[in-house]
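Student: I am new to this structure and would like a close look at a single part of it. Could you take me slowly through one sheet and what surrounds it?

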Amino acid sequence: MTNFYNKEQEQEFRHIISNQYRCTDVIGEKLGGKILSVSDEWFAAAENLIKPNIPIRDATRFTHSGAWYDGWETRRHNESDYDWVIIKMGVNAAQIVGGEIDTAFFNGNHAPCVSIEGLYIDPNEDKLIISEKDPRWVTLIDNFECSPSQNHCFIRGDGLTEEPYTHIKLKMYPDGGIARFRLYGKVIPPTSLNNQENIIDLAYVGNGGVALDVSDEHFGCADNLLLPGRGHDMSDGWETKRSRELNHSDWAIIQLGHMSNYINKIIIDTAHYRGNFPQYITVQGSNGHSSAEGEWIELVSKSKTGPDKIHEFTVDKNINIDHVKLTIIPDGGVKRLRVLGN
């Protein structure tokens, strides 16, 4: 396992995750990850582990159990070897490459050590309860030491797992607190999507779409463009800072889940962006080009957008592309990008 300790190394970690492995946080709440069961959460709930926002601290806040913490914290003096939490991924399945264990604000009560295990459950298998003792659990990340109030980034020594997983078990030895848990993997779409007659959202993260590059994401990350649903407010969309330059534009490049044969429609959703939506957008596609300098084919010409609205653009072309580039003019926010085709 490779660890990344400081801010400079953390930037290297994120570059590797995004560009080399092209991975997504497959357990995050915003993608549909769910806490299924937990050994103990006396001081703070395990559901905090997978929340999308960064952890915060309010030293003046107390609950019936004790001091309030934005994370998962268990009782002291655990009589078992470890505490655990089981998480169901928000995607069909994924190969795992690495993750983050953030002990922010846990100082004197942090988890001393953690390990991570994975389990694959067939979607057709009728199994409502996943046992912590299920013999099929496989170690993905061996036990490693954690420091107080620090974000620990790590990548498996042998890269992506060969096998996909649907459930994850985080173990901390023997007890304590963790603020956030991220686990990055390559999404394995449902096999039903292999039918080339089905019209699907090729950009959707659950179908394998990944945000590769972006000009700016000051207020919201480009990954949010590929999430399910229309979200709940401006916090889960892509939004750039205000531009002051003449002829400015921002852009995001998305790798589709697979090479298209046909593009039916492009959808641009500006839900919740009412005073900060882009004035105009364009959408282009390319075959094998993942950089801003690629050779791009026009899918949607320069088109005006409006506030808090679903904008549908008919393409209806037999075309082989595996990347799209959304350009917003001059700046602003977009909630979702849908690329419907097969």
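**The open sheet and its surroundings**

Tutor: Since this is a predicted model, what follows describes computed geometry, and a good place to start is the core. The largest nonpolar core has 61 residues, and those with the most contacts inside it are L170, F181, I266 and L326. For I266, the contacts beyond its neighbours within four places in sequence are V283, L299, V300, H311, E312, F313, V315, L337, R338 and V339. There is also a second, separate core of 10 residues, which includes F4, F13, I16 and I155. Two of these residues, F4 and F13, are linked together with Y184 into a cluster by ring pairs.

From there we can turn to the sheet itself, which is open and is formed by five strands in the order β3-β5-β10-β7-β8, with antiparallel pairing. Its edge strands are β3, covering residues 34-38, and β8, covering residues 138-145, and each of them pairs on one side only. On average, and with direction ignored, neighbouring strands of the sheet are turned by 20° against each other.

Within this sheet, strand β7 (residues 113-119) and strand β10 (residues 167-173) run antiparallel and are joined by seven bridges. To see one of the pairings in detail, look at L119, whose bridge partner in β10 is H167.

Following β10 to Y173 brings us to a cis peptide bond, which runs from Y173 to P174 and has omega near -15°. P174 itself is found in the loop between β10 and β11, the latter being residues 177-178. A cis bond also runs from I329 to P330, with omega near -5°, and P330 has its place in the loop between β21 (323-329) and β22 (333-334). Both are worth pausing over, because most peptide bonds are trans.

Y173 also takes part in an aromatic contact, and the structure holds five aromatic pairs. In the case of Y69 and F106, the ring centres are 4.7 Å apart and the planes are at 20°, so this pair is stacked. The two rings link distant parts of the chain, with Y69 in the loop between β3 and β4 (72-73) and F106 in the loop between β6 and β7, 37 residues apart. Y69 and F106 are both buried. The pair that Y173 forms with Y82 is edge-to-face, with 5.5 Å from centre to centre and 65° between the planes. This pair, too, links distant parts of the chain, since Y82 lies in the loop between β4 and β5 (83-88) while Y173 lies in strand β10, 91 residues apart. Y82 and Y173 are likewise both buried. The ring of Y69 has a charge over it as well, for the charged end of R57 sits there, 4.1 Å from the ring centre.

Finally, the loops that adjoin the strands of the sheet hold two residues with unusual backbone angles. F105, which is not a glycine, has a positive phi of about 70°, and its place is in the loop between β6 (94-102) and β7. F105 counts as partly exposed, at 37% relative accessibility. S149, again a residue other than glycine, has a positive phi near 45°, and it is placed in the loop between β8 and β9 (151-155). With a relative accessible area of 40%, S149 is partly exposed. These angles stand out because most residues other than glycine have a negative phi.

Technical notes. Residues are numbered from 1 along each chain as its sequence is written. This is a predicted model: local features need pLDDT of at least 70, side-chain atom pairs count only at pLDDT 80 or more; totals for chains, interfaces and linings use all residues. Side-chain values use heavy atoms; hydrogens and water are left out. Two strands pair if DSSP finds at least two bridges between them. Helices (H or I, at least four residues) and strands (E, at least two) are DSSP runs, numbered from the N terminus. Axes are lines fitted to C-alpha atoms, for helices over the stretch in contact, and angles run from 0 to 180 degrees between N-to-C directions. A nonpolar core is a set of buried Ala, Val, Leu, Ile, Met, Phe, Trp, Tyr and Cys residues joined through side-chain atoms within 4.5 Å. Buried means under 20% relative accessible area, exposed over 50%, partly exposed in between (1.4 Å probe, protein chains only). Contact means heavy atoms within 4.5 Å. Rings of Phe, Tyr and Trp (its six-membered ring) pair if their centres lie within 6.5 Å; planes under 30 degrees apart count as stacked, over 60 as edge-to-face and the rest as tilted. A charge sits over a ring if NZ of Lys or CZ of Arg is within 6 Å of the ring centre and within 35 degrees of the ring normal.
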